[in-house]
Amino acid sequence: MKDFIKVLKRFLPPYQMDLGMMFLYNLLGALFGAVSFGVMVPVLNTIFGLNSEVVTEKLPFEFSAEVLKNNFYYYSNLLTEEYGAVVALIYVGAILLGVVFFKVLFTFLGSYHSVSIRNGVVRDMRQIIYNKIVSLPLPFFTEEKKGDIISRSTGDVQEVENSVMSSVDMIFKNPIIIVVYLFGMILMSAQLTLFVFLLLPIAGYIIGKVGKSLKKTSRAGQDKMGDILSTIEETLSGLRIIKAFNAEEKMNDRFGVQSNEYRRIMNSMMRRYVLAHPMSELMGTIVIIIILCYGGKLILEGSGNMSASAFIAYLGMFYSIINPAKHFSKAMYSVHKGLAAMDRIDQLLDVESSIVDKDNAKPVETFGESIEYKNVAFSYNGERNVLKNVNLEIPKGKTVALVGQSGSGKTTFVDLLPRFYDVNEGSINVDGVDIRDYKMKDLRNLMGNVNQESILFNDTIFNNIAFGVENATMEDVIAAAKIANAHDFISATENGYDTNIGDRGSKLSGGQRQRLSIARAVLKNPPIMILDEATSALDTESERLVQDALDKLMENRTSLVIAHRLSTVKNADLICVFHEGEIVERGKHDELIEKDGAYKKLYDMQLL
Ligand code: ADP
């Protein structure tokens, strides 16, 4: 329960207004509901011909139950005498209708506000999770599977939604109804109600007991769902390989095992879950029967101070308590499930960013002299050093080409500069200051990235180019696109710069995607460029356009290029040859060829 209140405290405060309104309307709804049962008594009396308490005297109006009841009887008697019982019934029926109308109206208004709360809380939660995902450093995502994160931000949020909602109802609606009706019942017969009071908690306790162990199983189910989503993710991105290796059946089997496991867990969980309803129905009926017997005895003995009609209305009122009480017990189950999901969401939200600004981080606006890697060592898993003993100074304005076999550490080397990862040993300095002392936002502002796989978003061409720049104008974007040799093909698309490029730019060719990401970097116009040249072959024309765009991009900038193209390598001011995490050779193209070492070997193997 404590955890549950904590969750409410976290997410409900922005919705105090809605909460207040919901409370008010539910209270009004419950009051009208209770009155509607009271109105039924004279109706029943008339039908049964039981008007024993003939009221002939009208009391002066006063807002008390006694007076209201008296006058109500007085008027219904009057009507019965003057127009006959049937007409009186119609009148009383009309009043009942009016009362019930207000009851449902207020109940609706209560739910109206609870809907705002429900959807608001879920929106807030999704936004918090999304913000967290975006803020987490890259190393996190290599450890945690993507499918698992997706499952946490969809399924678990959904789960919490259901539990938050039923719990909000539980707290602000059902108890109100229960209290108001109980109050009405006490007015009708204190003795009987005392009896009910003793009975209800016992029944409630027994029902509540059933769902204790639910929390554990539900978490297992969610975890398994994460695995399933991961497999689907993996399958979608690896479909080509699965087909090429005829591994369809293998994957089917693997998936089958997972989804079967999920089925097993869910079976066990849901069976327990569906037990709640029949259980509480059975308990409810037992309770009603007990009350019927006890109440009947009171009336037959004439000791309960209650007429038979009133007893029927009383039973009606009591029956109306059963449902909210049932929902109350059901909500208890949901809350358990929801809290398990909340735990999983919190595991994500509680991850501390390992790469953050220092308290006294320095601002930096311009890049002045040089970048310097000093004795840098780095490891992804703390066991094997992917980079070791790396030293390199890159003066402003120079182009450094990084070459070497795949897996030799080039990508890791450039990823350290914008602090996607932090070095384990040594330091990287920009203008003589350790990059960990700068404000990360400022540091990253100094750099532009063009990746091997152009990373584009499902948005318009304009927005993709303007991605890293606030308030870019159309002129700026067009100018950048022209430099990146992208303007012509953009103009040829249906809606020009407003064309949507599809999921990850799927509507464009490989070369076009590259030129868009180059345009994006051009527009940002950073002093330092980090380039990972695409290895995938383009046709000659496309290749020429991309190469030309890259050349223009590197002009007058300090560039770090993971180089696959011969022209880039040849024109570089410095070539660094990586081998197993170390720079084993460095120099200009001609020097290195002459040296006849690692570079020459690479060159001969035409790896470039
Ligand atoms: P290159 O860019 O030269 O191909 P990388 O820098 O990508 O080389 O990789 C260097 C080494 O680090 C490789 O052995 C690779 O398996 C490992 N590696 C790369 N990325 C990760 C990661 N996110 N987690 C763990 N190991 C990684």
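Asp548 is partly exposed, with a relative accessibility of 31%. In this predicted model, Asp548 pairs with Lys552 in a salt bridge, with 3.5 Å between the closest N and O atoms. Lys552 is partly exposed as well, at 28% relative accessibility. Both residues belong to helix α18 (residues 540-554). They are 4 residues apart, about one turn of the helix.

Salt bridges that share partners also build a network. Its members are Asp148, Arg152, Asp156, Asp223 and Arg344. The search of the whole structure gives 16 salt bridges. Side chains of opposite charge can pair when their charged atoms come close.

Within the network, Asp156 and Arg344 form a salt bridge with an N to O distance of 2.8 Å. This pair links distant parts of the chain, 188 residues apart. Asp156 lies in helix α6 (residues 146-172), and Arg344 lies in helix α11 (residues 308-349). Asp156 has a relative accessibility of 0% and therefore counts as buried. Arg344, at 1%, is buried too.

Another salt bridge joins Arg254 to Glu234, with the closest N and O atoms 2.9 Å apart. Here too the pair links distant parts of the chain, with the two positions 20 residues apart in numbering. Arg254 is in helix α10 (residues 248-301), whereas Glu234 is in helix α9 (residues 214-244). Arg254 is partly exposed at 39% relative accessibility. Glu234 is partly exposed at 43%.

Nonpolar packing was examined next. In soluble globular proteins, nonpolar side chains tend to be buried together. The largest nonpolar core holds 42 residues. Ile465, Ile490, Leu516, Ile518, Leu553 and Ile575 touch the most other members. Helix α17 (residues 510-524) supplies the largest share of this core, 6 residues. A second, separate core has 33 residues, including Val376, Leu416, Tyr438 and Phe578.

Ile465 illustrates the contacts made by a member of the largest core. Beyond its neighbours within four places in sequence, Ile465 contacts Val477, Ala481, Ile490 and Tyr497, among others. Leu516, Ala519, Arg520 and Leu523 are also in contact with Ile465.

Ser559 occupies a place in strand β8 (residues 558-562). Its relative accessibility is 1%, so Ser559 counts as buried. Residues up to four places away in sequence aside, Ser559 touches Lys398, Thr399 and Val400, as well as Met529 and Met554.

Terms used:
Residues numbered from 1 in each chain as written. Predicted model: local features only at pLDDT ≥ 70, side-chain atom pairs only at ≥ 80, totals over all residues. Heavy atoms only, no water. Buried < 20%, exposed > 50% of the residue type's maximum accessible area, 1.4 Å probe, protein only. Contact = heavy atoms within 4.5 Å. Core = buried A, V, L, I, M, F, W, Y, C linked by side-chain atoms within 4.5 Å. Salt bridge = Lys/Arg side-chain N within 4 Å of Asp/Glu carboxyl O.
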